[in-house]
Each structure stands twice: as structure tokens, then as C-alpha cells.
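Here are a few exercises to work through with the model open beside you. Try each task before you read its solution.

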Amino acid sequence: MNRRPYEYLITIAEKGSLSKAAQALGISQPTLSNFLSGTERQLGHTLFDRSGKILIPTEAGLIYLETCRRILDVMSQTYHAITSLHNQYTESFRVGVTPFRGSQVFSEVFPEFYQKFPDVRIELAEGYMETMRNGLDSGSLSMALGTILSSDMVLYEFSSQSKEELLLCVPSYHPLAEFGSDTGPFYPSIDIRSFSDTPFVMWGSQTTNSRMIKNLFHHSGFTPTIVYESNNALLLNSMLQTGIGVGFLPASFCLPKQNRVYFSTTPPLCSLAGVFYRKGYQLSTAQRYFVYLITRLQGKNNLNGKTYLNTLAKQIVNEFESKEGIPWIPDN
């Protein structure tokens with residue numbers, strides 16, 4: 001079963017450009033460009049809007065990308081099922097992942113994990129953060145990949161891998177846009193109450209980002225007018241690019257020359273991404289190695305200084321560095 005066509009499209013969406021995606025995939029840009037054009041001709045639909053600096057999935061593209069992720073999940077499950085006919089699994093655990101980033105991270109680390117632990121089965125469960133927290137609380141999930149708030153750490157152990165700020169995206173035509181900036185890494189702060197007359201594009205209630213933003217609104221005594229709501233980061237980014245209103249996006253989405261500017265908030269909204277699991281749950285060696293591979297991958301991808309390892313993450317990295325002979329601890 002050939003996974004590569006689906007991985008190509010998901011990587012293009014994640015990286016936002018053919019050159020970055022080609023580099024991540026280890027192929028040439030012309031090869032990837034020809035693949036994308038050929039796929040679009042075959043489907044009869046454009047999958048990515050190429051008018052800006054970053055490639056944005058079209059409506060057809062979002063549907064096709066979701067299908068790609070589901071196909072990869074089915075492939076992994078089928079491969080596991082076939083393998084289980086000949087192998088007796090000695091261990092099995094279930095991991096919650098978000099439909100886009102989480103699934104992609106899993107697909108990148110699984111081949112190396114399987115090489116080392118061919119007799120350990122990993123089952124995937126897709127969902128957003130509220131669903132994953134419920135899964136951990138009920139015991140149906142062993143661990144989850146995603147973002148949590150500092151208040152969640154009372155209930156969960158957390159191995160952090162990256163830290164990212166949520167920025168307020170404001171259309172360039174907005175009266176307050178002159179006070180913002182479209183170029184980082186530092187952005188001017190603004191009082192959220194300044195946008196009382198502006199419609200908001202909001203994160204869905206199942207996301208950690210929604211919880212952070214609602215906390216900010218609550219403490220500011222601010223009630224927004226919401227015109228659109230979604231759990232999907234790519235869709236939110238596309239909606240905000242239309243200039244329909246203002247809204248929050250992770251800093252990695254906030255690129256220059258997008259006909260919008262960005263503001264920080266007071267206090268800044270920052271989320272920690274990583275692997276988390278219930279307090280008191282003891283990770284097996286295989287599970288710790290799985291966390292190590294994800295941490296190492298995130299560290300290599302976060303070349304812009306956003307890697308953030310807490311004590312638990314550093315312990316797991318140190319545990320396997322000596323065994324793997326690959327020294328890797330990023331500077332925070």
C-alpha cells in the first residue's frame with residue numbers, strides 16, 4: 001500500500017509551500033509540483049489556493065485532505081491487522097491525536113517506532129482536545145498528542161515539546177491595523193476590548209485555544225460578536241484571510257504579506273504542545289520511546305526557537321539519547 005501520495009498532500013498543507021514540503025519529504029520541488037498538478041487534473045478541482053505567499057487549501061482541498069488522513073489511518077490499522085496474523089503483540093496502547101497535526105506527527109514517527117518495537121501495537125483515536133481529555137479520564141486512551149493549559153497539569157502528566165503564542169489577526173483595512181505588525185517575532189500588544197464592534201472568527205469549543213481565548217474574554221469583561229466558529233486551524237486561517245473579521249491563530253500561521261496584521265495580547269496567550277497522560281499512569285518503555293521520537297521530531301521541526309522541554313520531556317530524551325547514541329537537547 002502506497003502512503004506517499006497522501007503524505008505529500010498533507011505535508012504541503014502543513015508546510016504551506018512546495019519548497020518547504022519538498023525539503024521535508026526529501027524530494028525535489030519540481031517532482032512535488034508535478035504531483036500536485038497531476039492530482040488536481042485527475043480530480044478536476046484545485047486543491048490549494050496559490051494566490052498568496054502560503055498555499056491555502058480550497059474547500060475541495062479541505063475535503064480531500066480529510067480523506068487523505070482517514071486513508072492513512074485505515075492503512076495503518078490494516079497493516080496492524082495483517083501483521084497480527086503472524087505476530088503476537090506483547091503490548092498495546094491507544095493514542096489520541098488531532099485530525100491534522102497529530103495524525104501527521106504519528107505517521108512520521110511510526111516507522112521508526114515499529115522498527116524498534118514490532119511486537120507493540122498502537123491504536124489511533126482522532127479527535128479534538130475535549131474528546132481526548134474525556135478519553136484519558138475514562139481510561140479509553142493511554143496518552144494524547146495536543147495542547148493543554150497549565151491548569152490541566154493538576155490532572156495530567158505532560159511532556160512538553162513546543163511553546164507557541166496565539167496572535168490576534170486583524171484585516172489590513174481595519175482602523176486599528178495601523179498599530180499592528182505583519183512581521184515578527186515581536187508584535188505590539190492591544191486591549192481586546194478595542195474590538196467590541198468587530199466580528200470574530202472563533203475556535204470551536206472542543207479546542208484548547210477556545211478555552212484560552214474565552215478566559216481572556218472573561219477576565220477582560222468582553223463579549224465578542226461571533227460570525228464563524230470551527231475546530232479546524234486551516235479553515236480558520238482561510239476564513240480570516242477573507243477579511244470577514246478578526247480572530248486568533250498560532251504564530252506559525254501568522255505570515256507577512258497576507259493583507260492582515262497581528263497583535264499580541266496582555267497577557268500573551270501561549271499554549272504548550274506535547275504528550276499528556278493521566279496522573280499516576282506509568283509509561284512502559286515502548287511508550288516512553290514513542291514520546292521520545294515525537295519530542296525529537298518536534299525539536300527538528302521547530303528550528304525557529306519554539307522548542308520547549310519541561311523536566312519530564314528532558315528526562316525521556318536523556319533516557320534514550322544514551323541508548324540511541326544521538327545527542328539531542330535543544331536550547332530553550
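**Exercise 1.** Find how many salt bridges this predicted model has, then place the pair Glu40 and Arg50 in the chain.

*Solution.* Start with the cut-off: a side-chain nitrogen of Lys or Arg has to sit within 4 Å of a carboxyl oxygen of Asp or Glu. By that rule you get 10 salt bridges. Glu40 and Arg50 make one of them, at 2.8 Å from N to O. Now place the two ends: Glu40 is in helix 3 (residues 29–43), while Arg50 is in the loop between strand 1 (48–49) and strand 2 (56–57). They are 10 residues apart, and the pair links distant parts of the chain.

**Exercise 2.** Sort Glu40 and Arg50 into buried, partly exposed or exposed.

*Solution.* Buried means under 20% relative accessible area, and exposed means over 50%. Glu40 comes in at 11%, so Glu40 is buried. Arg50 has 39%, so Arg50 is partly exposed.

**Exercise 3.** Work out which residues are linked with Glu66 in a network of salt bridges.

*Solution.* Step one: Arg69 and Glu66 meet at 2.8 Å, N to O. Both lie in helix 4 (residues 59–84), three residues apart, which is about one turn of the helix. Step two: Arg70 meets Glu66 as well, at 3.1 Å, N to O. That pair is four residues apart in helix 4, again about one turn. Put together, Glu66, Arg69 and Arg70 form a network. As for cover, Arg69 is buried at 4%, and Glu66 is partly exposed at 21%.

Terms used: Residues are numbered from 1 along each chain as its sequence is written. This is a predicted model: local features need pLDDT of at least 70, side-chain atom pairs count only at pLDDT 80 or more; totals for chains, interfaces and linings use all residues. Side-chain values use heavy atoms; hydrogens and water are left out. Buried means under 20% relative accessible area, exposed over 50%, partly exposed in between (1.4 Å probe, protein chains only).
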